[in-house]
Amino acid sequence: MKQLLQVLLLSVFTVPLNAQNAQRFETIINATSLKDKLLFIAGKETEGRESGTHGQRVAASYIQNKFKLAGLLPGTPGGYQMVYPLYQDTLLDLSFTVNNIPLQVQKDFEISFNAMPSMYASLSDVVFAAYGISDSTRNDYNGLDVSGKWVMLLEGAPGQNGRSVMTMGMAALRAMETKAMIAKSKGAKGIFVVSNSFPYQTPVTLQGRKYVKARPASFPAVYISAKTAGAILNVAADSTKDILAANVGAYKTNIQLSVYKFTKRYASTNVLGILPGTDQAGEYLFITAHYDHLGINKGVISPGADDDGSGTVSVMQIAEAFAQAKAAGKGPRRSIVFMTVSGEEMGLLGSEFYSDNPIYPTVKTTANLNIDMIGRVTPNYKGDSSNYVYLIGDDRLSSRLAPIADSANQMVGLQLDRVFNGNDPQRFYERSDHYNFAKKGVPIIFFFNGTHADYHRPTDTVDKINFELMSKRARLVYHTAWIMANREEMLSRDLPLKK
């Protein structure tokens, strides 16, 4: 009985003692320190931090030095910076003819700029594969041989009433990428995607257009109108419904496609520092933010103080708090990786590169806490605008996420707003770097203040940051991380990933 009583008393007092230890070091995360760092990160020296530029490299060096001074070890085998390639394509020329008739870009067709390499194709046949779906519920490739062929497929899925993939958000675009991967895996050389987007209501100039990505283009994709699809299949068509009525299979045609692009290769970096854990050092918690922004346009710098200078300096300050705790003998049980990524503004490129090339095992990564914009207040906020933060994604992958955040918030006292965990037409869950961790099965929480009038504008400046509120939000991340890094077990992954 005496031994049982000791166990019960230990279980009662462990959490308060842990909380007391966390409180000892939370004062390191304060408005003054955050502002000092943000004045540099969002200052003239970093020139808007566009990935692959001098300003981005200046910011990366600054973050690296702060990690080193705090006592973090290099987070990669080669140092603090993880180099990854960027490819900038500039379109120089484009032509597309069907049955010797030249077609008009954005009226009859459009290329998938990031997927399309420089190429010339002369096609005498095309395989129509309906929606191009191949999974446990449907196989549109049944009986079709597409090896070495171009495949025509419809955007979307049955029951979507002909809605255009270009108006259906990031999830639909990623579904389209999945279709392209399926076609490629079956040996196809490229795809034509029949879309309801044509003609474009507001045409844009293609000549000289630039696009940056993290890998060279390799699998061609061309979006075409229903009328163009009909010309290829030799059927009358005014809508995608008319194309769907056609039989699947191979069709004779006469297509000439020419794409001429100039590709420039350069590089950017993610900055990683690690604080080794104690008895659970082989398990990892990631705390992330993106340090890149939009750079300089026509001589005007976009400083990105909130987006995401606020998250970047918060990661640095949280790192200092944990490092000082470790120096005082109160270090985390799990290893904590502090990572600031670039390439976010170009399409989550830096975090995508890391998730595809992880340094630390994904299966041993308990969670990712991602901070993207925590220094401002969204206009017309329905609640206490002086004391809130949005939490996104803590209803996914692990049922333990939300309770841990709620428990951590007892030390902070913010209003935790989870409105974007529901049906969010803005799809914020897919729009920051945590998403690339979630796709690999890692539980995530995204900390966010919402957008505002200065979002992606040169007016997103340091003087508009609410540093007291920002420090409070950063402390919430810190206390959440403290619990996650010191709990007995990794987070369970007991919830399916919601699409």
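**Notes on a predicted model: helices, a cavity and some unusual backbone**

1. Let's begin with helix α11, which covers residues 467–486 and has 20 residues. From its first C-alpha to its last, α11 reaches 28 Å, close to the 28 Å expected at 1.5 Å a residue. Please keep in mind as you read on that this is a predicted model. Of the 20 residues in α11, 16 are buried, so the helix is largely enclosed by the rest of the structure.

2. Helix α8 (349–356) is another one to look at. Six of its eight residues are buried, so α8 too is largely enclosed by the rest of the structure. The buried residues are L349, G350, S351, E352, Y354 and S355; note that a glutamate, E352, is on that list. What do the buried residues of α8 pack against? Their partners are the strands β2 (81–98), β8 (210–213), β10, β11 (280–290) and β14 (334–341), together with helix α10.

3. Just ahead of α8 is a residue worth a click: L348, in the loop between β14 and α8. L348 has a positive phi of about 60 degrees although it is not a glycine. Most residues other than glycine have a negative phi. Is L348 buried or exposed? With a relative accessibility of 5%, L348 counts as buried, because the cut-off for that class is under 20%.

4. Now for the empty space. Searching the whole structure for cavities of 30 Å³ or more turns up one, and the volume of this largest cavity is about 60 Å³. Its lining is made by F286, Y354, S355, P358, Y360, T362, T365, N436, F437, K440 and V442. Two elements, α8 and α10 (434–438), give two or more residues to that lining. Y354 and S355 therefore appear twice in these notes: they are among the buried residues of α8, and they also line the cavity. By class, the lining has six nonpolar residues, four polar ones and one charged residue.

5. If you like buried charges, have a look at K261 in strand β10 (residues 249–275). K261 counts as buried because its relative accessibility is 6%. What does the side chain of K261 reach? One partner is the backbone oxygen of F113, at 3.0 Å. The side chain of K261 is also joined to the side chain of D89 by a polar contact of 2.7 Å. Leaving aside neighbours within four places in sequence, K261 is in contact with D89, T90, L91, L92, F113, M116, P117, S118 and A217. For a sense of scale, the C-alpha atoms of K261 and S342 are separated by 25 Å, and these two residues are 81 residues apart along the chain.

6. Two peptide bonds deserve a check by eye. Most peptide bonds are trans. The bond that joins F198 and P199 is cis, with omega about -10 degrees, and P199 is found in the loop between β7 (190–194) and β8. The other cis bond to look at runs from D307 to D308, where omega is near -10 degrees. Where does D308 lie? D308 is part of helix α7 (residues 305–327).

7. Finally, the loop between β15 (365–371) and β16 (388–392) holds N380, and T378 has its place in the loop between β15 and β16 as well. N380 has a positive phi of about 60 degrees although it is not a glycine. N380 is exposed, because its relative accessible area of 74% is over the 50% cut-off. T378, in contrast, counts as buried because its relative accessibility is 14%. Which residues does T378 touch, leaving aside its neighbours within four places in sequence? They are Y388, Y390, N449, G450 and T451.

Notes. Residues numbered from 1 in each chain as written. Predicted model: local features only at pLDDT ≥ 70, side-chain atom pairs only at ≥ 80, totals over all residues. Heavy atoms only, no water. 1 Å grid on protein atoms, 1.4 Å probe; cavity = no way out; pocket = protein on both sides within 12 Å on 5 of 7 lines; lining within 4 Å. Points joined across faces, edges and corners; volume = space filled by probe spheres on them. Helix = DSSP H or I, 4+ residues; strand = E, 2+ residues; numbered from the N terminus. Nonpolar A, V, L, I, M, F, W, Y, C, P; charged D, E, K, R; others polar. Buried < 20%, exposed > 50% of the residue type's maximum accessible area, 1.4 Å probe, protein only. Polar contact = N/O pair within 3.5 Å; in protein donor to acceptor, adjacent residues only side chain to side chain. Contact = heavy atoms within 4.5 Å. Expected span 1.5 Å × (residues − 1).
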